[in-house]
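User: I should like to learn how to read several features of a protein model. May we take them in turn, with the general idea before the particular case?

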Amino acid sequence: MPQTEKPGTEVTSGTRLRWWTELPLILLVYGCYLAGRLLARGDTSGAVDHGLAILRVEKTLRLNAEHPLNRLFTREPWLGIPADFWYASLHYIVTPVILVWLFRKRSEIYRQARTWLMTSTFIGLIGFTLLPTCPPRLLEAKYGFVDTMAQYSSYGWWGGEASAPRGMGGMTNQYAAMPSLHCGWALWCGVMLWRYGNSRLTKVLGVAYPLLTAIVVMGTANHYFLDAVAGVAVMGAGFLLAPYVMRVADAIRVRIVPGTSLVTARSESADSPVVSGGCQTSAGERIPSQREPRLASGAEPDASPSDAGDGAPATAR
C-alpha cells in the first residue's frame, strides 16, 4: 500500500526558483538571440527582395502606416529623437525589469511567463535565420524611407549603421526585421502589466507600451507593419507551445536531477499546489477519488480505514 504523505509535501523547498539559476538561463537565451541575428547576416540581395515583397503585399492590402509615420518622425525632431531612444533602449530595460518584478512579486506565474517569452524568442530566431529581411531604412531612397537612427545619431550613443553603440554596428544583423521582437516583447510586457499589475496605471501602461512600440518601430523605419503583425503572431505561437516546453523541461529535470519526482517538477508550473483542500494522497496521485475502486472491490464492509486505504471514511455502524 502506498505510504500516505501530509498535504503539500509534494511541493518541497527544493522547488523554489533561485536567481542564480534563472540568470544564466536568461543570459543563455539572450546569447542565442544575438548569435541567431549574426548567423543570418550575409544574404543582402535576398533580404532586400524579402523587404520589397512585404511592401508589395502591404500595397495590395492597402496598408501604408510606415510612410506617414516615418515622414512625421523625420520632420519633427521632438518626436524622432525620443523615438530613436525608445527603439534603441527600452526593450533592453523594460523586459528584464518586468521579469525581475514577476520573479519577486508574482513567483507563482513567473515560470510560465518566462517560458512563454523564451519560447517566442526562439521562434523569432528561426524567422531571422530563414527569412532575412531588409528593414525600410536600408532600402534605396526611391522607396521613400529615411533612417531616423542615422539622421539623429549625434543625439544618442548609436551610430549611423544601427541602434548598436558607435563602432559596433558591424556586430549586429541589420536584416533581422521579420518578425519584430521589439513588438513581440512589448506585447508580452503589456500582457504581464495588464494581468498582474494592481493599479490602473499598470493597466494603462500595459496597453500603451506595445502600441507605442509598434508606432516607434515603423516611424523610425526599422520595421514594416507586417513585421509587427508577425511579432504578435510569434508571441501567440510561443504562448501555445509554452506548456509543452515546460513538460519537456520537467521530464528532463526528473532524469538529470537526483531525488526529483515528476510531481515535484510539475508543481513549479502549477498556479496552485497539486494537493489542496486538506486531502491526503500518495505521491503521484492527483485525484483522491482514485482510491474508491480499491475500496469497492477489495475491502470488506466492516473493514477499517487502514484496510480500505488511507484517508477512506469509516463504515457507518
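**Reading backbone and packing features**

Analyst: This is a predicted model. Let us begin with Arg62, which counts as exposed because its relative accessibility is 79%, over the cut-off of 50%. Arg62 is located in the loop between helix 2 (44–60) and helix 3 (66–75).

User: What is the phi of Arg62?

Analyst: Phi of Arg62 is near 60 degrees, a positive value in a residue other than glycine. Ala221, also not a glycine, has a positive phi of about 65 degrees.

User: Where is Ala221 found, and is Ala221 buried or exposed?

Analyst: The loop between helix 8 (200–219) and helix 9 (225–256) holds Ala221. Its relative accessibility is 0%, so Ala221 counts as buried; the cut-off for that class is under 20%.

User: Which peptide bond is cis?

Analyst: The bond from Met178 to Pro179 is cis, with omega near 0 degrees. Pro179 belongs to the loop between helix 6 (148–151) and helix 7.

User: How are two packed helices described?

Analyst: The description uses the angle between their axes and the distance between the axes. Here, the axes of helix 5 (residues 107–130) and helix 7 (residues 181–196) come within 10 Å and cross at roughly 165 degrees. Helix 5 is therefore roughly antiparallel to helix 7, since angles over 145 degrees fall in that class. The crossing of helix 5 past helix 7 is right-handed.

User: Which residues in helix 5 and helix 7 meet?

Analyst: From helix 5, the participants include Ile109, Trp116, Leu117 and Phe128, while those from helix 7 include Leu181, Trp185, Trp188 and Met192. The residues of this contact divide into 11 nonpolar, three polar and no charged.

User: Helix 7 also contains Cys183. With which residues is Cys183 in contact, leaving aside its neighbours within four places in sequence?

Analyst: With those neighbours set aside, Cys183 is in contact with Thr213, Ala214, Val217 and Ala228. The C-alpha atoms of Cys183 and Val216 are separated by 9.6 Å, although the two residues are 33 residues apart along the chain. Cys183 counts as buried because its relative accessibility is 4%.

User: How many disulfides does a search of the whole structure find?

Analyst: The search finds zero disulfides. One looks for a pair of cysteine sulfur atoms within 2.5 Å. As for accessibility, Cys134 is buried, with a relative accessible area of 0%, and Cys189 counts as buried at 0% relative accessibility.

Key
Residues are numbered from 1 along each chain as its sequence is written. This is a predicted model: local features need pLDDT of at least 70, side-chain atom pairs count only at pLDDT 80 or more; totals for chains, interfaces and linings use all residues. Side-chain values use heavy atoms; hydrogens and water are left out. Buried means under 20% relative accessible area, exposed over 50%, partly exposed in between (1.4 Å probe, protein chains only). Axes are lines fitted to C-alpha atoms, for helices over the stretch in contact, and angles run from 0 to 180 degrees between N-to-C directions. Helices (H or I, at least four residues) and strands (E, at least two) are DSSP runs, numbered from the N terminus. Angles under 35 degrees count as roughly parallel, over 145 as roughly antiparallel, 65 to 115 as roughly perpendicular and the rest as oblique. A crossing is left-handed if the near helix is turned anticlockwise from the far one by less than a right angle, and right-handed if clockwise. Contact means heavy atoms within 4.5 Å. Ala, Val, Leu, Ile, Met, Phe, Trp, Tyr, Cys and Pro count as nonpolar, Asp, Glu, Lys and Arg as charged, and the others, Gly among them, as polar.
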